[in-house]
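Consider how the parts of a protein assembly meet one another. The explanation below treats the meeting of two chains and then the meeting of two domains within one chain.

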Amino acid sequence: MGLENLKFTKEHEWVRVEDGIATIGVTDYAQKELGDIVYVELPSVGDSIAKGDACSNIESVKAVSDLYSQLSGEIVEINEGLEDTPENINQSPYDDGWIVKIKISKEEELNEMMDFEQYKLYLAGIEKE
Amino acid sequence: MKKTKINKAHYELKGKMVEFCGWDLPVQYSGLNAEHNAVRTTGGLFDVSHMGEVIFEGKEALEAVSYITSNNVSKLKPGKIHYSGLLTEKGCFVDDLLVYFVEEGKYMLVVNAANLEKDFNWMKEKAGHFDVSITNVSDDYSQIAIQGPNSGKLLAKFTDEDIDPMKYYTFIHGRVMGVDAIISRTGYTGEYGFEIYFKGDEKIASKMFIELAEKGKEFGIIPAGLGARDTLRLEAGMALYGNEIDNSHTILEANLSWILKFKKGDFIGKDVLLKQKEEGITRKLIGFELVDRGIARHGYPVFVDGEQFGEVTSGTYGPFVKKSIGMTYLPIDKTDIGTEFQIEIRNKMVTAKVVAVPFIDKK
């Protein structure tokens, strides 16, 4: 799939927007940093969330990290398959490893995100450190 | 940051480096799960040079080691090792350790990296009145652990010593890759394996690790990091200082009475422990697995009958047992296998139950 069509956050999440619905996952860089993912706690469909809320919990063998939504809206779908195959996030972060879908209520929040080129530069900056 | 003499090899093998107790060490190479399961099925290679080694030598070496540790040192024969406790006057842990009986009048004590300085000072203070010299030789030794079912096959490629008949918790002196070494049938993973202690500079130590890693490929033995070391020892039900054992839980409470020998003359902590044994303990370390989903980690609150009793001492997802497992202290009347209790995971109460340790089936 085309990464060029995605938006990215500094927290290494990706967002794909189609018809006002944002599909959210974590980037390849994030899944590598997290290591082997063994458990994902998902929100419920219908939950409303504000920007900055933790909308999911991703646990690798050694660490737990929250997925903070960078968008406000309502959860319209969750990737239930991750309950049995959380490793999909490692193996296919941009496809089978998607986490939640949100009906966006504040479209302007998308403007704060990076496009693919900007994200690549951002990553290059991190790796230099 | 301190570097082991194998440090260069970790960078060459692209280990993911972290700071651990002041040391620059790899937390993983190819991935924690892969490394963990390699050790259970084929083998893994660890740099454990950060461990501390202290030599007790002299006329009263036996008496000194016996006085400061909990196990019965006089039962050891040269070439034998035992697990033991370095205890406080209250019967709690200064550290846990391995005691190697090198020869008459000489013992090597292997302690945790994080505690080395504290332990060494404690040993000098508490055993100073014996006719014994106590020397910290930690900087002289590198240590590589080869763990897993194929570890003997790999080691045999690099030594002429007959390692096959070696029994668990014994050691021999021999050459590995032409370097004088202590070859020890020990480990912290619950698997068949060896720990190799040797002296030598960075060049020798890094070469040893890299050549073992290279040859190891033939046997499915891969470099492994601190992450797998921790999940492996936890699946094997082994205690970690700072988690299961510390200076506020006694050796009896930690379920380690098998390394506590009262019939051996005086030792630090004896009176308190004898009394506690007579009166009975009120809490005990147990292994648990989660009944509900989630992962209980170190420090998460543990609830019994609606009240907080303590915290999870260690907890993880066990990559081999494929369960969410951990250890904690529980009131003694709640420690029967199958007893359920609660753990608070991010503001949610999750049910756990007491299970037998080790979590892996050691046959």
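Between chain A and chain B, about 1400 Å² of area is buried, and carbon and sulfur atoms give 43% of it. The model in which this interface appears is predicted. On the side of chain A, Tyr39(A), Val61(A) and Lys62(A) supply 42% of the area that this chain buries against chain B, more than any other three residues. The contact joins 14 residues of chain A to 18 residues of chain B.

Charged and polar groups also take part in this interface. There are 3 salt bridges between chain A and chain B. In a salt bridge between the two chains, the side chain of Glu59(A) meets that of Arg297(B) at 2.7 Å, N to O. In addition, 11 residue pairs are in polar contact across the interface of chain A and chain B. The elements of chain A that each supply at least two residues to this side are α1 (28-34), β4 (37-41) and β6 (54-60). By class, the side of chain A that touches chain B comprises 5 nonpolar, 2 polar and 7 charged residues.

Attention now turns to chain B itself. Its domain assignment gives domain 1 (7-51 + 139-235), domain 2 (52-136) and domain 3 (282-355). Domain 1 of chain B gives 15 residues to its contact with domain 2 of chain B, which gives 17 residues. Together these two domains bury about 1300 Å², 65% of it on carbon and sulfur atoms. Across their interface there are 0 salt bridges, while 4 residue pairs are in polar contact.

Definitions and conventions
Residues numbered from 1 in each chain as written. Chains lettered and ligands numbered in written order. Predicted model: local features only at pLDDT ≥ 70, side-chain atom pairs only at ≥ 80, totals over all residues. Heavy atoms only, no water. Domains from an automatic or database assignment. Contact = heavy atoms within 4.5 Å. Buried area = accessible area lost by both parts, 1.4 Å probe. Salt bridge = Lys/Arg side-chain N within 4 Å of Asp/Glu carboxyl O. Polar contact = N/O pair within 3.5 Å; in protein donor to acceptor, adjacent residues only side chain to side chain. Helix = DSSP H or I, 4+ residues; strand = E, 2+ residues; numbered from the N terminus. Nonpolar A, V, L, I, M, F, W, Y, C, P; charged D, E, K, R; others polar.
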